[in-house]
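Me: Please take a close look at the largest pocket of this model for me. After that, I would be glad to hear how the rest of the fold is put together.

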Amino acid sequence: MRVVPIPLRNAFDHINYLLVCSVKKEAIAVDPYDVPRMVAEAEALGVTITSTVNTHEHWDHAGKNAEMKARTGAVVMAPRAAAGTLEGLDHLLVDGDTISVGVESVTVRAVPGHTMASIALFGEEEGGTPFVISGDTLFGAGVGNCGYGGHAPTLQETISGVFAPLADETRVYPGHDYLKRNLAFTLSIEPGNAAARALASLLAASDGTAPHFTTIGEERAINLFLRPDSSEVRVNLELPASARDADVFLAIRARRDRW
């Protein structure tokens, strides 16, 4: 499967995605925000958008379903838990479902926390590299907020239970490009983090046109929410060495909410 990121560089730094089957020339549109741009990208690639998938129910990820369906006739899919919020859904998704596109497929995992309906899509890129379309649950060097229908303890369980065990080479494709700002937050809490500092310098020297997509291996080094055992993090958050990892995560989330 080919993952085609479409960075919008709008006020929300959205990244839309096409998941393309090169054999059948079909594509899944994930979290469409700029429908004309996504349709144009599909036409340029010579592929047909056959389905739309929302990773969660927030308007900026699911508010353009009707427009996409009118433009392409694509089947609209969203988490079953969002069925009471969203209209015009053709298929409801639950943990463990498989979504096919041509001869390719992705697997649905429930990843509640940012919202209680959130899902992520897991698959393999051409060449065999594993990837995850993480929506607003896991970002580069960060995680989603919980202020709009979420629950921080549930998010902690999702990050530690679903994302932390993934293979280092797994590529992370988030719903927004917040990496630069999230790295600044990392360094505000863990200034000795050499990996975060190096990546922040790299991004500062770039033109910012193309997002930098991290791997889970990189996230283990730069993402505070995957680093609750860091002694520097605990000291700077004024937490004892005996604090549970879950409590460290929640303290980081609370600090990020105020930062």
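**The largest pocket, and the fold beyond**

Reply: Happy to! The largest pocket has a volume of about 380 Å³ (the space filled by probe spheres set on its grid points). A pocket here is an open set of points on a 1 Å grid where a 1.4 Å probe fits, with protein on both sides within 12 Å along at least five of seven lines. The model is predicted, with local features needing pLDDT of at least 70 and side-chain atom pairs 80 or more, while totals for chains, interfaces and linings use all residues. Numbering runs from 1 along each chain, and side-chain values use heavy atoms, without hydrogens or water.

Nineteen residues form the lining of this pocket (an atom within 4 Å of a point). Nearest its centre you will find His 114, Asp 136, Phe 139, Asn 145 and Tyr 178. Several elements contribute at least two lining residues each: helix H2 (59-62), strand S12 (142-143), helix H5 (179-189) and helix H9 (245-258). Helices (H or I, at least four residues) and strands (E, at least two) are DSSP runs.

H5 also leads us to the second largest pocket, where it gives the most to the lining, with three residues. About 240 Å³ of space lies in this second pocket. Its lining counts 13 residues, and Arg 9, Asp 177, Lys 180, Leu 203 and Gly 208 are those nearest the centre.

Now for the sheets. Five strands make up an open sheet in the order S7-S8-S9-S10-S13, with mixed pairing (at least two DSSP bridges per pair). Strand S7 (98-101) and strand S13 (171-174) stand at the edges with a single partner strand each, so one side of each has no neighbour in the sheet. On average, and ignoring direction, neighbouring strands of this sheet are turned by 25° against each other (angles run from 0 to 180 degrees between N-to-C directions of lines fitted to C-alpha atoms).

At the S7 edge, four bridges join S7 to strand S8 (residues 104-110), and the two run antiparallel. If you want one pair to look at, Thr 98 has Thr 107 in S8 as its bridge partner. Helix H4 (residues 152-163) lies across S8, strand S9 (119-124) and strand S10 (130-135), at about 15° to S9; contact means heavy atoms within 4.5 Å.

Another open sheet has six strands, ordered S1-S2-S3-S4-S5-S6, again with mixed pairing. Its edge strands, which pair on one side only, are strand S1 (2-7) and strand S6 (91-93). Here, too, the average turn between neighbouring strands is 25°, direction ignored. S6 runs parallel to strand S5 (residues 75-79), and three bridges join them. Met 77 has His 91 in S6 as its bridge partner.

Two helices pack on this six-stranded sheet. H1 lies across S1, strand S2 (15-21), strand S3 (26-30) and strand S4 (48-53), running at about 30° to S2. H3 touches S3, S4 and S5, and its direction makes about 160° with that of S4.

These helices also meet each other: H1 (residues 35-45) and H3 (residues 65-72) pack at an angle of about 35°, with their axes 10 Å apart. From H1 come Val 35, Pro 36, Met 38 and Val 39, which meet Glu 67, Met 68, Arg 71 and Thr 72 of H3.
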